[in-house]
Amino acid sequence: MKIIFATHNQNKVTELSQLIPKKYNILSLNDIGCVKEIEETGSTLEENAKIKADYVRYKYGLDCFSDDSGLEVDALKGAPGVFSARYAGNQKNNDANIKKIWKKLRGQSNPKATFRSIFHVHFNNKTFSFQGKVDGNLIFEKRGLNGFGYDPIFIPNGYNQTFAELGDVVKNKISHRALATVQFLKLLERG
Ligand code: IMP
């Protein structure tokens, strides 16, 4: 069964492909020739997830799903949240984003943060929404080489290594996206 993942983010596609059985053929926007950057004009993860999935559903008429995800930092009242990818500007630079978090957190003693992922799904003419989240703490150095985005500075609760140190196998069991994917997979299996 073909299902479109409404993203150009290859890191997300790789993570999802490790979690979803091969009988489901996950295609990215690039795979269906959609090179357009879908404008994420919403002010919440939920709104942006819907915008991305709706674009594919109504332009291509295909079953699809999207993930909108972000890092919500307690001491920053939930920022960068929906603006995680572009926190330090439109160039979507991970290093600059991390440096901006550190700068904003200077003088703060609460390192708590949460990764949250919202899936918006069009499947068999119905829509669904799933949320996954993982709580943890931020650190003030970058550790580890795996993953992407804020992974080198996020230590999930119950561990003492960052997502970037823990690597795919652990991240794919406990991450926000993994937890949303489990719910999505149940839907696919129910048919
Ligand atoms: P989106 O593509 O608009 O959903 O942007 C998601 C952004 O949130 C990414 O570009 C990262 O900055 C951040 N993010 C989301 N999920 C993760 C993750 O699993 N690890 C690290 N950063 C993440």
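Begin by selecting β3 (64-73), which in this predicted model gives five residues to the lining of the largest pocket, the largest share that comes from any element. With β3 still highlighted, add α1 (10-19), α2 (45-60), α3 (94-105), α4 (163-174) and α5, since each of these elements, like β3, supplies at least two residues of that lining.

Next, turn to the space that these elements border. The largest pocket holds about 820 Å³ of space, and 36 residues line it, those closest to its centre being Asn9, Lys12, Glu40, Ala85 and Lys92. If you colour the lining by residue class, you should find eleven nonpolar, 13 polar and twelve charged residues.

Now show the ligand, and ask where it lies with respect to the largest pocket. The space taken by the ligand is that pocket itself, and the elements that give two or more residues to the shell around the ligand are β3 and α5 (176-190). Of these, β3 again deserves a second look, as the largest share of the shell, four residues, comes from this strand.

Select the shell as a whole, which comprises 17 residues surrounding the ligand, with Lys12, Glu40, Asp151, Lys171 and Arg177 the closest. Which classes of residue make up this shell around the ligand? Coloured by class, the shell shows four nonpolar, five polar and eight charged residues.

From the shell, pick out individual side chains and look at their polar atoms. In Lys12, a residue listed among those closest to the centre of the largest pocket and also among those closest to the ligand, a polar side-chain atom lies 2.7 Å from an oxygen atom of the ligand. Moving to Lys171, you will find an N or O atom of its side chain 2.7 Å from a ligand oxygen atom, while for Asp68 the distance between a side-chain N or O atom and an oxygen atom of the ligand is 3.2 Å. With these contacts displayed, consider the surface of the ligand: taken alone, the ligand exposes 490 Å², and the protein buries 93% of that area.

Finally, leave the ligand and follow the chain into the loop between β3 and α3, where Lys77 is found. Check the backbone of Lys77, which has a positive phi of about 55° although this residue is not a glycine. Then select Pro80, whose place is in the loop between β3 and α3, together with Ala79, and inspect the peptide bond that joins the two residues, which is cis, with omega at about 0°.

Notes:
Residues numbered from 1 in each chain as written. Predicted model: local features only at pLDDT ≥ 70, side-chain atom pairs only at ≥ 80, totals over all residues. Heavy atoms only, no water. Near = heavy atom within 4 Å. Polar contact = N/O pair within 3.5 Å; in protein donor to acceptor, adjacent residues only side chain to side chain. Areas by Shrake-Rupley, 256 points an atom, 1.4 Å probe, with all protein chains shown as cover. 1 Å grid on protein atoms, 1.4 Å probe; cavity = no way out; pocket = protein on both sides within 12 Å on 5 of 7 lines; lining within 4 Å. Sits in = over half its atoms within 2 Å of the grid points. Nonpolar A, V, L, I, M, F, W, Y, C, P; charged D, E, K, R; others polar. Points joined across faces, edges and corners; volume = space filled by probe spheres on them.
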